[in-house]
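Visitor: I'd love a close look at a single part of this model. Which residues line the largest cavity, and what surrounds them?

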Amino acid sequence: MAAETPKERSNNLEDNLKKALTELLVLHLLSQREYYIGELTDALKEKSGGTLTIVFPYAAIYRMSRAEYITESKKRVAPDGRWRQYYKITPEGRAYLRELLETYDRFITGVSEILKGGDGT
């Protein structure tokens, strides 16, 4: 078996970061307004300048629904004229989002300190 190339390792890191941040990003968007699944993927791509895409958002949506972080709202007509199932964040989801943001901030601060050569003091 051949060793991974630097490009392959970089792609794997990118995939892992996307997976790790999907819940945070989806909850953040849903904290602003209700979305249907197709809108969520479009919003992530647009708001990230094309950097972030979710190939299969249903897994994250269903996982967060089971955890009661999000819930279905009423079906309604979307901008494309079709009936769509919209999702909204729950109070539990807002609390979880706050926890995720705190963890993210601590993690990014720590990584930044290491990359700047900081000694943590």
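**The largest cavity and its surroundings**

Guide: Lys18, Leu21, Thr22, Leu25, Leu44, Leu52, Thr53 and Ile54 line the largest cavity (on a 1 Å grid over the protein atoms alone, points where a 1.4 Å probe fits but cannot get out; lining residues have an atom within 4 Å of a point). This is a predicted model, where local features need pLDDT of at least 70 and side-chain atom pairs pLDDT 80 or more, while totals for chains, interfaces and linings use all residues. Residues are numbered from 1 along each chain as its sequence is written, and side-chain values use heavy atoms, leaving out hydrogens and water.

The structure holds one cavity of 30 Å³ or more. The largest cavity holds about 50 Å³ of space (the volume filled by probe spheres set on points joined across faces, edges and corners). Its lining divides into five nonpolar residues, two polar and one charged (Ala, Val, Leu, Ile, Met, Phe, Trp, Tyr, Cys and Pro count as nonpolar; Asp, Glu, Lys and Arg as charged; the others, Gly among them, as polar). Helix H1 gives the most to this lining, with four residues (helices are DSSP runs of H or I, at least four residues, and strands of E, at least two, numbered from the N terminus).

Let's stay with one of the lining residues, Thr22. Thr22 is found in H1, which covers residues 6-32. Its relative accessible area is 12%, so Thr22 is buried (under 20%; exposed is over 50%, partly exposed in between, with a 1.4 Å probe and protein chains only). Leaving aside residues up to four places away in sequence, Thr22 touches Ile54 and Ala60 (heavy atoms within 4.5 Å). Of these two contacts, Ile54 is itself in the cavity lining, and Ala60 leads us on to helix H3.

In H3 (57-66), the buried residues are Pro57, Ala60, Ile61 and Met64. These residues are on the same side of H3 because they cover an arc of only 100° around the axis (taken from the directions from the helix axis to the C-beta atoms). An α-helix has 3.6 residues a turn, so residues three or four places apart point the same way.

Another lining residue, Leu44, brings in helix H2. In H2 (residues 37-47), Leu44 is buried along with Ile37, Glu39, Leu40, Thr41 and Ala43. Just after H2 comes Gly49, with a positive phi of about 65°.

H3 is followed by a residue with a positive phi too: Glu68, near 65°. Glu68 is not a glycine, and most residues other than glycine have a negative phi. Glu68 lies in the loop between H3 and strand S2. With a relative accessible area of 52%, Glu68 is exposed.

That loop takes us to the sheet. Three strands form an open, antiparallel sheet in the order S1-S5-S2 (strands pair if DSSP finds at least two bridges between them). The edge strands, each pairing on one side only, are S1 (35-36) and S2 (70-72). S2 pairs with S5 (residues 86-89) over three bridges; Glu72 stands opposite Tyr87, and Thr71 stands opposite Lys88. S1 and S5 pair over two bridges, and there the bridge partner of Tyr35 is Tyr87.

Note on methods. 1 Å grid on protein atoms, 1.4 Å probe; cavity = no way out; pocket = protein on both sides within 12 Å on 5 of 7 lines; lining within 4 Å.
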